Amino acid sequence: MSDELRGPDDDALGRRLASELPRYTAPARLRVSLVEATDRPRRPMWLGPLVAAAATALALVLFMLPVLPRIVPADPVQQVVRAVVNEHSRALMWGARQPQILPAGLPWLTQETGIDLRRAFAGDDRLSLVSAEPVYLTRQRGLAVHYRDVDGHLVSYIVLPAERSFTVVERDRVAIDRFRPMLARDSGFVTWIWKQGDVACFLVSDMVSQDDLERFKDYFVRVRVATEPTIAY
Amino acid sequence: MADADFQRQALQHLDALYNFAVYLTRNPPEADDLVQETYLRAFRFSHRFQPGTHLRAWMFQILRNTFLTFYRLRERETAIAEDGVPDWDVPMFHDTSTDEGGALEAHTDLERAMRHLPEEFRTVLLLAEVQGMPLEEVARVMACPVGTVKSRIFRAKERLRGLLKDYEKK
């Protein structure tokens, strides 16, 4: 150091520090561990930013998932089945607990939906009527009647006007009593599908196991026999 | 600078860094940890080092910053004067106790006096006088102007002389 602050005493003290203070050398094991650390294959520099970018993209996709367009099935029957199942899910979670229409209100239901129930299954020893309400599915007005069986399963009967493109697939039909409805499975639910005049009828439930399915066949018969929907206007 | 080159050049300063670490921590096992952490950081951020600048100063700067980050937290808080140096004689680090495991004993008055200097004073003396670093490099390590380094060296030596005189009287 050569500046105005430095005097003879400073130089002497500096020399003393340099010569008298003990010098500590790094232990061999420290040197070895550092050398080993440098020899170890290192993570590529691009990996960190890549992982961060991928994580960000994944988070964005998850965030945007609810607003991304759903993959719509090409088959018109499948499209309707999905809509019907969604309606059943809604009723299962919320709608059935908030019944809007009681059996006495069926004329109003016809007025609202354009579908007339000349006869309606009002429940029996196995199924009890929970609610009935107008619905709007696949751009059509329709009606839904919800029942609950003795085991607590919600069963939704949904009627929509049958479009021309709506055809019940022959290979998926199941013989039940004297009827041959189509069976469809979607999102953990089973649906009986049949045409009755100008309307398409659906009976949806979560009774997917083999035993449940047999009982669900019975429910189908009960509803099918006792219900007669038509297009009112 | 290629990774292998950088690592080889960085390892050339191991002894100097270890010596500095021992004087900062006064505890060889802690000095080991400090040096290891310093090298890990240096290797991890080697892409930030600008070739052609002083690698030694850069390594010392990492070591000191690591020391201040990790070790200062364990020490008591002290009031700092305007120039960043405590104005009283209480040492900033490790005080004078040597009862910690692995702590280094002071064998000479000079060592004991160095031990009693605040870290800012001890560091400038170690870098400038013991390591023989130019003041510009010391300033870089300390992250302060060269003038501040000169002032600290001056004050550090004054404090050191005072301590040595006290020891002689005793």
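The paragraphs below lead through a predicted model of two chains, A and B, beginning with chain B and ending with the strands of chain A.

Chain B contains 8 helices and 0 strands, so that its elements, read from the N terminus on, run α-α-α-α-α-α-α-α. Of its 170 residues, 42% count as buried, and among the contacts in chain B with a separation of 6 or more, 66% are between residues 24 or more positions apart.

The helices of chain B take part in the largest nonpolar core of the model, which has 45 residues. The residues with the most contacts inside this core are B:L17, B:F20, B:A21, B:L63, B:V124, B:L125 and B:V138. At least two core residues each come from α2 (14-25), α3 (28-44), α4 (55-71), α5 (109-116), α6 (119-130), α7 (135-142) and α8 (146-169) of chain B, and α1 of chain A likewise supplies at least two. The element that gives the most is α2(B), with 8 residues. When residues up to four places away in sequence are left out of the count, B:F20 touches B:F60, B:L63 and B:L126. Apart from this core there is a second, separate one of 38 residues, which includes A:V84, A:L143, A:C201 and A:F216.

The contact between the two chains involves 22 residues of chain A and 28 residues of chain B. On the side of chain A that touches chain B, the elements giving two or more residues are α1 (8-20) and α2 (28-39) of chain A, and the largest share, 7 residues, comes from α1(A). By residue class, this side of chain A divides into 12 nonpolar, 4 polar and 6 charged residues.

Turning to the strands of chain A, β2 (residues 127-137) and β3 (residues 140-149) run antiparallel and are joined by 10 bridges. These two strands form a hairpin with 2 residues between them, and A:T138 in the turn has a positive phi of about 45°. On its other listed pairing, β3(A) is joined by 6 bridges to β4 (residues 154-161) of chain A, again in an antiparallel arrangement. Here the hairpin has 4 residues between its strands, and A:G152 in the turn has a positive phi of about 95°. A:V145 in β3(A) can be followed across both pairings, since A:A132 stands opposite A:V145, while in β4(A) the bridge partner of A:V145 is A:Y157.

How values were computed: Residues are numbered from 1 along each chain as its sequence is written. Chains are lettered from A and ligands numbered from 1 in the order in which they are written. This is a predicted model: local features need pLDDT of at least 70, side-chain atom pairs count only at pLDDT 80 or more; totals for chains, interfaces and linings use all residues. Two residues are in contact if their C-beta atoms, placed from the backbone, lie within 7 Å. Ala, Val, Leu, Ile, Met, Phe, Trp, Tyr, Cys and Pro count as nonpolar, Asp, Glu, Lys and Arg as charged, and the others, Gly among them, as polar. A nonpolar core is a set of buried Ala, Val, Leu, Ile, Met, Phe, Trp, Tyr and Cys residues joined through C-beta atoms within 7 Å. A residue is buried if 20 or more other C-beta atoms lie within 10 Å of its own, exposed if 12 or fewer, and partly exposed in between; C-beta atoms are placed from the backbone. Two strands pair if DSSP finds at least two bridges between them.
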